[in-house]
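Visitor: Could you take me in for a close look at one residue and what lies around it? I'm new to this one, so please go slowly.

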Amino acid sequence: MPVLTFVSAVSAVVFDQYVQSRYGITGIVGLLFLTIGIKAKSPTCSSIGAVVLALVVTGPAL
């Protein structure tokens with residue numbers, strides 16, 4: 001069980017770093033809202049996060 005927890009934590013950090021390097025601070029904010037909304041079971045918060053991530057992903061590439 002501790003190995004599964006460790007692997008989960010490492011994958012979360014790697015994914016967070018990928019999002020930050022690819023989409024910047026706005027991507028991290030969207031991911032944060034989405035994660036908080038899912039954990040708190042708040043549809044409003046998770047919807048805000050999903051919309052922010054969708055806008056960042058579909059926006060013009062710099």
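Guide: Val29 is partly exposed, with a relative accessible area of 37% (buried is under 20%, exposed over 50% and partly exposed in between, using a 1.4 Å probe and protein chains only). Keep in mind that this is a predicted model, where local features need pLDDT of at least 70 and side-chain atom pairs 80 or more, while totals for chains, interfaces and linings use all residues. Residues count from 1 along each chain as its sequence is written, and side-chain values use heavy atoms, without hydrogens or water.

So where is Val29? Look for it in helix H1, which runs over residues 2-40. (Helices are DSSP runs of H or I with at least four residues, strands are runs of E with at least two, and numbering starts from the N terminus.) From Val29, look across to Ser47: the two sit 18 residues apart along the chain, and 13 Å lies between their C-alpha atoms.

Stay in H1 and look at a few other residues. Val19 belongs to this helix too, but Val19 is buried, with just 5% as its relative accessible area. Count 34 residues along the chain between Val19 and Leu53, and yet their C-alpha atoms are separated by 9.9 Å.

Now find Ile25, another residue of H1. Ile25 counts as exposed because its relative accessible area is 60%. Take Val13 as a second marker: Ile25 and Val13 are 12 residues apart in sequence, and from C-alpha to C-alpha the gap is 15 Å. Phe6 is also in H1, and with a relative accessible area of 57% Phe6 is exposed as well.

What comes after H1? A loop links H1 to H2, and Lys41 is found there. Lys41 is a bit of a curiosity: its phi is positive, about 55 degrees, although Lys41 is not a glycine. Lys41 is exposed too, at 73% relative accessible area.

Past that loop you reach H2, which covers residues 43-58. Cys45 is one of the residues in H2, and with 16% relative accessible area Cys45 is buried. Pair Cys45 with Gln17, 28 residues away along the chain, and you get 22 Å between the two C-alpha atoms.

How do the two helices sit relative to each other? The axes of H1 and H2 come within 7 Å and cross at roughly 155 degrees, which makes H1 roughly antiparallel to H2. (Axes are lines fitted to C-alpha atoms, over the stretch in contact for helices, with angles from 0 to 180 degrees between N-to-C directions; under 35 degrees is roughly parallel, over 145 roughly antiparallel, 65 to 115 roughly perpendicular, and the rest oblique.)

Step back from Val29 for a moment and take in the whole chain. You will find 2 helices and 0 strands. The C-alpha atoms fill a box of roughly 40 × 30 × 15 Å along the principal axes. Out of the 62 residues in the chain, 16% are buried; Val19 is one of the buried ones, and Cys45 is another. Val29, where we started, is partly exposed instead.
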